[in-house]
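Here is a brief report on a protein model. It covers domains, a sheet and a helix pair.

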Amino acid sequence: MEHKPGSFPFPVDGETIRQVKDIIGRFVHTIAAMRLYPFGHINVTKFRDNLYHRLTSFLEEKGEFEIEIKENVFIFAGGIVFQEDSGIKSLPFLYFNEGMRALTFIPGLTREELYDFLEITANFAERPTGESDLIEELWERDFEFIRYDAAEGFLEAKVAAGLEGRPLELQVDRNQLFSGRIRLDTEDQAAANARSQEVSRTLSKDAAGLANFFETFDRTDQSSLESMVTAEHDVSSDKEFIETVFEVLYLEDRQDKFVEILGYLESYLQQLFKRADLGNAVLLLNSMSDLQKALRSSSPVRSEALLKTIREITLEADIGVIREIARPERVDDPRTLYEFLAWLGPRMLPIGTDVFESSSESSWHEAGVEYLRIMIRDHPAETVAMAQSRKPDLTKTLIALLGEQDDKKAVLQLANFAKSEHSEIRLEAVRTLGTLSHDIARKLILEYLNDPDERVRIEAGRAARLDTDERALAQVLQIIQGKAFLARSSIERGTLLLAVGRSNTAEAAEALKNLVRKRRLFGRERLQETRLLAVAGLAAMKIPAAREALQAGSQVGNQAVATACAQALRKRADRRREDA
Amino acid sequence: MNDEKDLSFSHQAAYDILYRLYVVLKIAKIHDANNANFQDQAQTLINALKGPLRRQGRLLIQVRRNAFFINFNRVRFHYSDFHINKSLLAEFARREVGTLTLSEGLDGAELSRFIVLLTRQDPHSRLTFEEFQAAVLTEDFPHVTLEKADKIDFNATKEKRNRLATQTYFLGIAHLKELSKTEERVSSIHVTKLWIQTIFNHLIDDEAFLYGLTNIKNHDEYTLNHSVNVCILSMALGRRLGLSNRELMELGIGAFLHDLGKIEIPDAILNKPAQLTPDEKKLMDQHARFGATHMLRIQGDKSFSGKALAVAFEHHYKANKDNWSPFRRKPNATLFSRIVKIADYFDAITTRRVYRPRAFTREEALNIMIQNKDAEFDPLIFKVFVAMLGVFPIGSLVVCDTNEIGIVIEANPHPSMAQRPVIKLITDHEGRKIDGQTVDLMEIDPDTHRFTRTIVKTLDPEKYGIRIPDYILAQAAAEEAPVN
């Protein structure tokens with residue numbers, strides 16, 4: 001077929017036809033690839049990008065790209081540039097069948113618009129016939145740089161085809177309309193005559209009022225309207241849906257309808273799951289809970305129905321589906337994800353804790369901590385059970401959160417960690433226990449004094465409250481008096497001896513005094529160090545027995561120990577003077 | 001082609017040129033070429049054109065599917081400038097011009113001569129594009145060329161277009177009737193969407209005719225007609241406000257189905273020719289909620305349209321929040337509900353009902369609504385609505401100072417000339433009914449230099465037995481041919 005120049009603002013020569021055929025070929029192949037491969041596949045990306053470059057180059061050079069669509073062919077400048085006769089597989093047929101008769105790309109075409117157009121076409125081609133309309137979908141997308149023309153009357157015929165009956169037909173009796181006479185009544189005639197006399201004031205009273213209303217439309221109004229419309233663009237239809245449905249539910253006093261709407265909401269929630277729209281899922285669940293509370297006293301039956309639905313949702317949510325949704329790369333706001341998981345209860349803890357352990361960004365960490373705080377408050381046993389040695393971050397966070405609770409339940413949960421094989425976990429546990437005031441916490445700390453890990457023992461030594469806990473003091477005194485004590489590191493020995501000193505008891509002073517005075521044939525260096533650490537312990541004490549012990553120490557033959565005791569005594573004296 | 005590669009254009013520059021063109025065309029219709037104001041504005045236009053012409057060599061002002069493009073850059077109009085778009089489109093359509101090309105070298109004198117030619121009233125019948133182009137060639141405009149519009153740019157003939165629009169209108173009624181009966185049919189919403197898109201296309205093609213169709217009132221099936229009318233008026237209003245196509249679709253669905261809940265109200269209450277009892281009123285007030293429940297059922301789990309649902313539920317919410325639900329979380333009714341409320345109110349009070357034997361005229365209705373605007377409506381949206389319908393809304397029956405009676409069929413796009421719409425004459429100056437001309441009240445008598453006709457009074461059509469819808473339908477009935 002010969003190519004005609006038509007109304008193109010550029011010469012249509014052999015080279016132009018070659019370019020058009022090339023672009024059309026790429027266009028058809030890209031859509032075929034999009035139907036064949038999953039979203040984001042390298043082939044799709046490559047085809048799409050190539051098409052975009054070719055097409056935009058053409059548009060830059062020529063001005064626009066317009067093809068006519070016939071049943072199985074694409075036509076450019078009167079000549080066929082693509083033909084595919086295989087019925088439903090044919091792209092021209094698909095467009096033609098949907099009423100499209102011309103397709104035009106114009107300069108300014110963006111990547112986003114082209115890709116959306118391709119995607120709408122590819123998705124549409126995959127759907128069963130009659131389930132949707134291509135022209136309608138394209139229209140809703142409102143392309144700026146892509147135009148398509150539908151056959152005249154096509155949409156009307158399609159609407160008519162969707163009806164079971166036939167619409168009314170026009171019946172106007174033109175003869176009756178345009179024959180006869182109208183005589184104004186006296187009142188109207190008089191008013192018309194009067195006003196005709198003063199045509200400069202042509203408006204009727206009512207119309208004049210309207211005209212004034214027109215003139216009050218100013219720039220401030222325009223700006224307010226712009227803001228109003230802009231704000232509307234930002235309101236999601238889903239949010240509007242949820243808020244409206246709950247208002248309807250609040251007013252819906254027919255129980256059967258109420259339950260029916262709850263059913264719609266459940267299936268809607270599944271749609272939100274599929275779309276990974278967690279924000280609206282949370283809004284829906286929160287609204288459900290709010291309404292349940294609001295109806296509790298006024299309508300217990302409806303409130304109970306809501307409660308039942310909430311239970312079903314939390315108990316029946318598919319963990320596999322939720323795990324798929326909860327992948328951090330699919331979620332914009334970690335707080336929403338965790339709020340959603342918290343809503344679905346302890347069954348989702350494995351997902352929540354996995355996400356927590358795997359994310360390192362601070363915003364994710366903070367949101368995760370908040371989630372765990374809620375879970376540990378509402379479901380302590382299930383949450384603590386998530387702690388594992390291979391999840392050290394999670395476990396440490398759980399321990400710290402238990403520490404915030406400072407009650408018996410929390411302390412008992414912490415006790416589980418005393419047995420952990422992971423020394424980091426034990427260390428965190430003992431640190432947390434040290435911050436708690438509960439008696440059980442203190443007792444638990446003592447278990448760590450003989451921990452295999454020195455860091456844990458040191459922490460237990462620091463945390464132990466020897467001033468108020470006789471049993472703890474007795475245990476520590478036993479340790480420091482034992483043979484093995486000297487074998488411990490200087491930090492551990494120092495920590496324990498200082499802790500003993502801070503107990504301010506006579507027994508402690510006596511034990512430290514004995515250490516200061518201790519002599520031994522072997523291991524003299526370690527003993528020397530221990531004796532000096534014991535002096536530090538005595539120096540921390542505020543009771544007379546400590547002063548006496550230091551005085552005794554200052555008399556011993558070991559020069560270093562004696563000097564240390566003397567210095568400690570001087571410091572005590574200085575301190576007392578300052579206190580006085 | 002190399003010197004034409006840089007065709008980029010800022011949106012503001014493109015808009016400025018069209019705005020200047022609009023102003024010059026408007027003045028040219030009232031004053032002659034010697035008028036100082038006309039000359040000033042023509043010079044302002046040429047100043048706006050000079051820079052782009054120097055840089056790009058030529059300017060292509062094109063119309064495609066009722067949209068303007070300058071050098072292939074689409075120019076979008078804001079609702080407040082809608083009349084500019086409409087007025088310019090009318091000028092291009094009148095001359096069947098698809099592309100107006102201005103080239104470098106164009107000066108003020110040539111431009112002024114062209115504007116005068118473009119706006120000149122044709123002596124007898126309207127010139128075809130070919131005749132007009134011949135006139136352009138004869139009068140020698142070296143820097144102005146014209147191309148004829150494709151058929152698609154201004155669509156089919158007016159009669160054919162009107163016929164399709166009318167059929168679409170009645171298809172809407174038939175569809176809603178089926179929807180009301182068969183509430184379980186989820187697929188129905190798919191037809192609703194198609195219908196809404198079709199209505200939108202007709203709004204783009206000929207907004208005035210669609211407004212005209214909203215004069216159709218079927219008293220036996222009031223709710224069906226009313227819903228279609230409300231849908232048309234709401235979508236037109238939404239379009240003026242600048243809503244996207246997707247939003248217009250939701251608005252359209254909401255408006256179309258806003259009264260669906262009335263299927264649960266017994267006819268005895270709906271059509272009661274007396275004041276409702278408190279119980280009846282209570283039931284009636286619940287139709288908005290019933291409608292929302294029905295919409296949920298129609299939509300099933302296929303496609304939830306939240307804003308459309310909100311329209312059905314909120315369309316009786318008052319702006320002053322008097323009748324709001326206690327469990328309300330939203331601070332305001334959605335913009336769509338506020339739009340539909342206005343359209344709903346307007347269509348309702350312009351319809352005769354058993355309990356309201358006389359319907360208000362369209363003009364009276366707007367005045368009543370102005371009185372109640374602060375309590376009932378969003379005042380700003382209402383202003384746009386009034387601007388959209390015009391001082392004399394389409395379908396108004398008017399008498400001119402010539403004693404001729406006519407029906408308003410198209411509003412004047414210039415706000416300051418809103419009292420000068422286009423009317424279809426239905427009587428001569430002695431009151432004899434005629435299939436009269438369609439006249440633009442902007443027309444000036446060349447001898448007296450005064451307006452040829454001026455409206456001096458609006459009339460109540462019922463008082464004179466005039467069925468306005470029949471005259472509107474007559475515009476489409478010339479070529480009868482049913483769809484499908």
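## Domains, sheet and helix packing

The domain assignment splits chain A into three entries, tabulated here.

| Domain of chain A | Residues |
|---|---|
| domain 1 | 14–161 |
| domain 2 | 236–316 |
| domain 3 | 466–580 |

The model is predicted. In chain A, the C-alpha centres of domain 1 and domain 3 are 89 Å apart.

**The sheet in chain A.** Five strands form an open sheet in the order E3-E2-E1-E4-E5, with antiparallel pairing. Strand E3 (79–83) and strand E5 (146–150) of chain A are the edges. Each has a single partner strand, so one side of each has no neighbour in the sheet. From one strand to the next, the twist averages 25 degrees. Strand E4 (residues 100–105) of chain A pairs with E5(A) in the antiparallel sense, over five bridges. A:Met100 has A:Ala150 in E5(A) as its bridge partner. Helix H1 (residues 14–36) of chain A packs on this sheet. H1 touches strand E1 (65–69), strand E2 (73–76) and E3 of chain A. The direction of H1 makes about 25 degrees with that of E3(A).

**The helix pair in chain B.** Helix H8 (residues 188–205) and helix H10 (residues 222–241) of chain B pack at about 60 degrees, with axes 10 Å apart. H8(B) and H10(B) are therefore oblique to each other. Their crossing is right-handed. On the H8(B) side, the contact uses B:Ile199, B:Phe200 and B:Leu203. These meet B:Cys231, B:Ile232, B:Met235, B:Ala236 and B:Arg239 in H10(B). By class, the contact residues are seven nonpolar, no polar and one charged.

Technical notes: Residues are numbered from 1 along each chain as its sequence is written. Chains are lettered from A and ligands numbered from 1 in the order in which they are written. This is a predicted model: local features need pLDDT of at least 70, side-chain atom pairs count only at pLDDT 80 or more; totals for chains, interfaces and linings use all residues. Axes are lines fitted to C-alpha atoms, for helices over the stretch in contact, and angles run from 0 to 180 degrees between N-to-C directions. Helices (H or I, at least four residues) and strands (E, at least two) are DSSP runs, numbered from the N terminus. Angles under 35 degrees count as roughly parallel, over 145 as roughly antiparallel, 65 to 115 as roughly perpendicular and the rest as oblique. A crossing is left-handed if the near helix is turned anticlockwise from the far one by less than a right angle, and right-handed if clockwise. Two residues are in contact if their C-beta atoms, placed from the backbone, lie within 7 Å. Ala, Val, Leu, Ile, Met, Phe, Trp, Tyr, Cys and Pro count as nonpolar, Asp, Glu, Lys and Arg as charged, and the others, Gly among them, as polar. Domain bounds come from an automatic or database domain assignment. Two strands pair if DSSP finds at least two bridges between them.
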